[in-house]
Amino acid sequence: MLNLSKPKKGIKKNMVYDQHMHSEFSGDSKADPEVMIKKAKELNLPGITFTDHLDWDYFKEPGLFDLDYSAYIRKVHELQKEHNSKTFKINLGIELGLQEHLLVRHKHFFQMVDFDFVIGSIHVVNHVDPYFDDYYKDRDVLRSYVDYFDAVLKNIETFSDFDSLGHLDYIKRYVMRHFGPEVGAINESEHKEAIDAILQFLVKNDKALEVNTGAFRHGLTEPNPSYSIINRYKELGGKLITIGADAHTPEYVGDHFEDVCDHLRELGFAEYAVYVNRKPVMHIL
Ligand SMILES: [Zn+2]
Ligand SMILES: [Zn+2]
């Protein structure tokens with residue numbers, strides 16, 4: 001039997017790669033990538049993956065998340081040359097905002113450029129981002145969640161050339177902000193079928209589930225998705241998890257990794273995946 005008991009006091013736990021990180025190449029970050037690297041090294045992380053945003057056709061602010069991918073790729077390659085060592089590694093990733101109508105454009109894009117890691121994230125539902133109040137004009141709490149999970153499933157079924165599904169239940173950050181923390185809280189049992197369908201799709205297609213600790217800076221007490229959803233992925237046969245803090249500023253690099261990794265070990269995950277050249281390499285958690 002696998003011994004998953006916690007390491008004894010004084011024995012250093014494994015630090016993990018932070019595989020969700022933004023820099024000034026993202027429309028919503030001003031962070032110098034060098035500063036993000038410096039912070040990751042201070043934390044003794046074994047490596048990071050830059051995953052700057054590409055969300056074409058972002059209706060609210062057109063062009064805001066149109067990544068200058070040539071400049072971005074060039075910069076990350078330079079940083080790799082400068083910083084990669086035996087103890088620290090930088091990977092080139094991207095957080096791709098999925099929308100069904102962008103299928104052909106996304107397919108062409110990945111024929112053109114190579115990444116180590118692609119996070120597929122759903123940031124908009126029928127052109128509206130749940131971050132904004134417009135999303136709740138005609139939706140109550142239940143409908144807000146139902147429509148989001150529907151959009152996630154439809155999008156990943158439409159375009160599945162991603163490696164890890166980003167922040168699956170992150171909409172609860174914004175539903176709770178809009179309706180208040182109690183009224184807006186998710187009742188996962190109401191969405192069991194929808195969530196199961198998403199997780200089953202991931203397992204069947206060898207896709208990872210991202211554990212996103214950006215949740216904590218939005219006032220949540222668990223990562224996105226919740227531990228119960230992560231556990232359900234495992235129950236359904238899921239083995240691939242990636243871990244990322246979704247930092248847009250250096251202070252959040254590796255945020256909450258220690259306690260989240262403890263929880264993941266308790267759930268029975270002994271390994272996590274680091275994607276290199278679009279392939280998962282398993283590392284001890
Ligand atoms: Zn995102
Ligand atoms: Zn992100």
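These are my notebook entries on a predicted model.

**Entry 1: the sheet**

I began with the strands. I found an open sheet of six strands, in the order S1-S2-S3-S4-S5-S6, with parallel pairing. Which strands sit at the edges? They are S1 (47-54) and S6 (241-244), and each pairs on one side only. I reminded myself that strands of a sheet pair through backbone hydrogen bonds, either parallel or antiparallel.

**Entry 2: strand S1**

I looked up S1 next. Its partner S2 covers residues 89-97, and the two pair in the parallel sense over eight bridges. I picked out one position in this pairing: Ile48 stands opposite Ile90 in S2.

Then I asked how many residues of S1 are buried. Eight of the eight are, so S1 is largely enclosed by the rest of the structure. I checked the two faces in turn. On one side I noted Gly47, Thr49, Thr51 and His53, all buried. On the other side I noted Ile48, Phe50, Asp52 and Leu54, again all buried. Both faces of S1 are thus covered.

**Entry 3: the other edge**

I moved to S6. Strand S5 (residues 208-212) pairs with S6 in the parallel sense, over four bridges. Here I noted that Val211 stands opposite Ile243 in S6.

**Entry 4: H4 against H6**

Now the helices. I took H4 (141-158) and H6 (residues 192-204) as a pair. Their axes are 9 Å apart, and they pack at an angle of about 20°. Angles under 35 degrees count as roughly parallel. H4 and H6 are therefore roughly parallel to each other. The crossing of H4 past H6 is left-handed.

Which residues make the contact? From H4 I listed Phe149, Asp150, Val152, Leu153, Ile156 and Glu157. From H6 I listed Ala194, Ile195, Ala197, Ile198 and Phe201. By class, I have nine nonpolar residues, two charged and no polar ones in this contact of H4 with H6.

**Entry 5: H6 against H7**

H6 also meets H7, which spans residues 227-235. The two axes come within 9 Å and cross at roughly 50°. Are H6 and H7 roughly parallel or oblique to each other? They are oblique, because an angle of roughly 50° is not under 35 degrees and does not reach 65. This crossing is right-handed.

I wrote down the residues that meet. H6 gives Ile195, Leu199 and Leu202. H7 gives Ile229, Arg232 and Tyr233. By class, the contact of H6 with H7 has five nonpolar residues, one charged and no polar. I noticed that Ile195 of H6 is listed in the contact with H4 and in the contact with H7.

**Entry 6: helix H5**

I turned to H5, residues 171-179. Its buried residues are Ile171, Lys172, Arg173, Tyr174 and Val175. What covers them? H4 is included in the cover. After H5 comes Gly180, and its phi is positive, near 95°.

**Entry 7: the hairpin**

Next I looked at S7 (residues 271-276) and S8 (residues 279-284). These strands run antiparallel and are joined by six bridges. Ala273 stands opposite Met282 in S8. The hairpin has two residues between the strands. One of them caught my eye. Asn277 lies in the loop between S7 and S8 and has a positive phi of about 50° although it is not a glycine. Asn277 is exposed, with 11 other C-beta atoms within 10 Å.

**Entry 8: backbone exceptions**

I kept a rule of thumb in mind: most residues other than glycine have a negative phi, and most peptide bonds are trans. His256 goes against the phi part, with a positive value of about 60°. His256 sits in the loop between S6 and helix H8 (257-266). It counts as partly exposed, with 17 C-beta neighbours inside 10 Å.

Where is a cis bond? I found one from Asn224 to Pro225, with omega near -5°. Pro225 is in the loop between S5 and H7.

**Entry 9: a charged residue**

Last, I looked up Lys107 in helix H3 (residues 103-112). Is Lys107 buried or exposed? It is exposed, with 11 other C-beta atoms within 10 Å. I also checked its distance from Asn224, 117 residues apart from Lys107 along the chain. Their C-alpha atoms are separated by 27 Å.

Key
Residues are numbered from 1 along each chain as its sequence is written. Chains are lettered from A and ligands numbered from 1 in the order in which they are written. This is a predicted model: local features need pLDDT of at least 70, side-chain atom pairs count only at pLDDT 80 or more; totals for chains, interfaces and linings use all residues. A residue is buried if 20 or more other C-beta atoms lie within 10 Å of its own, exposed if 12 or fewer, and partly exposed in between; C-beta atoms are placed from the backbone. Two residues are in contact if their C-beta atoms, placed from the backbone, lie within 7 Å. Axes are lines fitted to C-alpha atoms, for helices over the stretch in contact, and angles run from 0 to 180 degrees between N-to-C directions. Angles under 35 degrees count as roughly parallel, over 145 as roughly antiparallel, 65 to 115 as roughly perpendicular and the rest as oblique. A crossing is left-handed if the near helix is turned anticlockwise from the far one by less than a right angle, and right-handed if clockwise. Ala, Val, Leu, Ile, Met, Phe, Trp, Tyr, Cys and Pro count as nonpolar, Asp, Glu, Lys and Arg as charged, and the others, Gly among them, as polar. Two strands pair if DSSP finds at least two bridges between them.
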